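Visitor: Please show me the model, and let us examine the reasons behind the terms used to describe it.

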Amino acid sequence: MQIDIRRTTTPRTLPQGPLGFGKHFTDHVFRMDYGGPQGHGWHSPRIEPYGPLPVDPAASVLHYGQTIFEGLKAFKGQDGRVQLFRPDRHAQRFADSARRLCMPVLEPADFVQAVRSLVSVERAWVPAVEGGALYVRPILFGTEAFLGVRPATQYTFYVILSPVGAYYANGFNPVRIWCERQHIRAAPGGLGSAKTAANYVASMAAAESARARGYDQVLWLDAIEHRYLEEVGTMNVFAVFDDEVATPALGDTVLPGVTRETVLQLLKARGLRATERKVSVEELRQAHAKGTLREVFGTGTAAVVSPVGVLGTDEGELVIGGGKAGPLALGLFDEITKIQRGVTEDRWGWTLAVD
Ligand SMILES: Cc1ncc(COP(=O)(O)O)c(C=O)c1O
């Protein structure tokens, strides 16, 4: 892919003070189009100044939601080198999401080249602060102006970058989660395993009511029986028992998290029994009563590992691990973040240097 680069003539100053998440954006975007009057298939890959995108009011994304996205991070190591974490796995998931939503597939190698080239142009924006990262947000959406319900023939792919601060700026705080039995995030045969906007808007009402009850996030259960764990907030979920670490098996209702895959590999490398299977709320309750439920934690790109301190249900609250972050969650967080920042050697081939 030959990428045209047009640099801004008005570069902004780098943000000062706490970065937060998704509030600041860098000077440039990567952009590539599919179909339309300017060409067939994928065409015109370019890096250009950040700015508003003109979108036709009839664009299919606005009416029928043909849109997918990804979220990954670039890190600055102690030696100043910048590296991406598992961009190939995000590229693969982006391709899988595109197929599910009847959108054109971007070759994973092109996805990785687009991300790597943009991060290279914006390398000065990768925060050097401990725990900080440059969050990479690729997105693809249908732009064809046509109101019939069918896949669009024109699309725009772009990548934006946002410098983000440490997720645990105020310490490793366990979250309180509400076990949601009314709303569902995804149903069998639906869109749950694709990273698409519909899944996120579907989650908002339950997340708002959980917040109103004093919880941070929702524990999503299966759509049929409302018994089995699926995800926690926008993370995959793990339960640590005395003799096993279990996470819900993948299927079409669970997003196949890259961090989930990473954690499973690390658990197996530690010689732990890591299983992918059905885990019910009742099983958690019984293990909690017996004292064999050690930890529950979520995994995702934003937090890496997020311990669950309290599980709220209609029948009362379970306080897990004394409401504190458990040793496995802490150990995995430490191990993964050290690989991401190049502190420990990446024997897995998970990182990709940005030139
Ligand atoms: C719904 C959902 N589940 C799980 C995850 C975790 O996925 P990953 O580890 O690839 O960030 C995310 C975040 O991307 C998500 O949005």
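Guide: In this predicted model, strand E16 and strand E17 (residues 316-319) pair in the antiparallel sense over four bridges. Within that pairing, Thr 313 stands opposite Gly 316 in E17, and a hairpin of two residues joins E16 to E17.

Visitor: What makes E16 and E17 count as a pair of strands?

Guide: A pair requires at least two bridges found by DSSP. E16 and E17 have four bridges, so the requirement of at least two is met.

Visitor: Which strands besides E17 are joined to E16, and in what sense do they run?

Guide: Strand E15 (residues 293-300) runs antiparallel to E16 and is joined to it by four bridges. Gly 300 stands opposite Val 304 in E16, and E15 and E16 form a hairpin with three residues between them. Strand E9 (residues 175-179) runs parallel to E16, again with four bridges; here Arg 176 stands opposite Val 310 in E16.

Visitor: Why is strand E16 (residues 304-313) described as mostly covered?

Guide: A residue is called buried if its relative accessible area is under 20%. In E16, 10 of its 10 residues are buried, therefore the strand is described as mostly covered.

Visitor: How many aromatic pairs does the structure hold, and why is the pair of Phe 21 and Tyr 135 called edge-to-face?

Guide: The structure holds 16 aromatic pairs. In the pair of Phe 21 and Tyr 135, the centres are 5.0 Å apart and the planes stand at 65°. The distance lies within the 6.5 Å limit and the angle is over 60 degrees, so the pair is edge-to-face. The pair links distant parts of the chain, 114 residues apart: Phe 21 lies in the loop between strand E1 (4-5) and strand E2 (28-34), and Tyr 135 in strand E7 (residues 133-142).

Visitor: Are Phe 21 and Tyr 135 buried or exposed, and why?

Guide: Phe 21 has a relative accessible area of 48%, which falls between 20% and 50%, so Phe 21 is partly exposed. Tyr 135 has a relative accessible area of 9%; this is under 20%, therefore Tyr 135 is buried.

Visitor: What makes the pair of Phe 69 and Tyr 200 tilted?

Guide: The ring centres of Phe 69 and Tyr 200 are 5.1 Å apart and their planes are at 55°. That angle is neither under 30 degrees nor over 60, so the pair is tilted. Phe 69 in strand E4 (residues 67-69) and Tyr 200 in helix H4 (residues 197-212) are 131 residues apart, and the pair links distant parts of the chain.

Visitor: Why does Tyr 200 count as buried?

Guide: The relative accessibility of Tyr 200 is 19%, which is under 20%, so Tyr 200 counts as buried. Phe 69, at 11%, is also buried.

Visitor: How do you know that a charge sits over the ring of Tyr 228?

Guide: The charged end of Lys 278 is 4.7 Å from the centre of the ring of Tyr 228 and sits over that ring. The distance is within the 6 Å limit. The charged end of Arg 12 likewise sits over the ring of Tyr 50, 5.7 Å from its centre.

Visitor: Which residues are closest to the ligand, and what makes the approach of Glu 231 a polar contact?

Guide: Of the 16 residues that surround the ligand, the closest are Tyr 200, Glu 231, Val 258, Thr 259 and Thr 301. A ligand nitrogen is 2.4 Å from an N or O atom in the side chain of Glu 231; this is within 3.5 Å, so the two atoms form a polar contact.

How values were computed:
Residues numbered from 1 in each chain as written. Predicted model: local features only at pLDDT ≥ 70, side-chain atom pairs only at ≥ 80, totals over all residues. Heavy atoms only, no water. Phe/Tyr/Trp six-rings, centres within 6.5 Å; stacked < 30°, edge-to-face > 60°. Buried < 20%, exposed > 50% of the residue type's maximum accessible area, 1.4 Å probe, protein only. Lys NZ or Arg CZ within 6 Å of the ring centre and 35° of its normal. Near = heavy atom within 4 Å. Polar contact = N/O pair within 3.5 Å; in protein donor to acceptor, adjacent residues only side chain to side chain.
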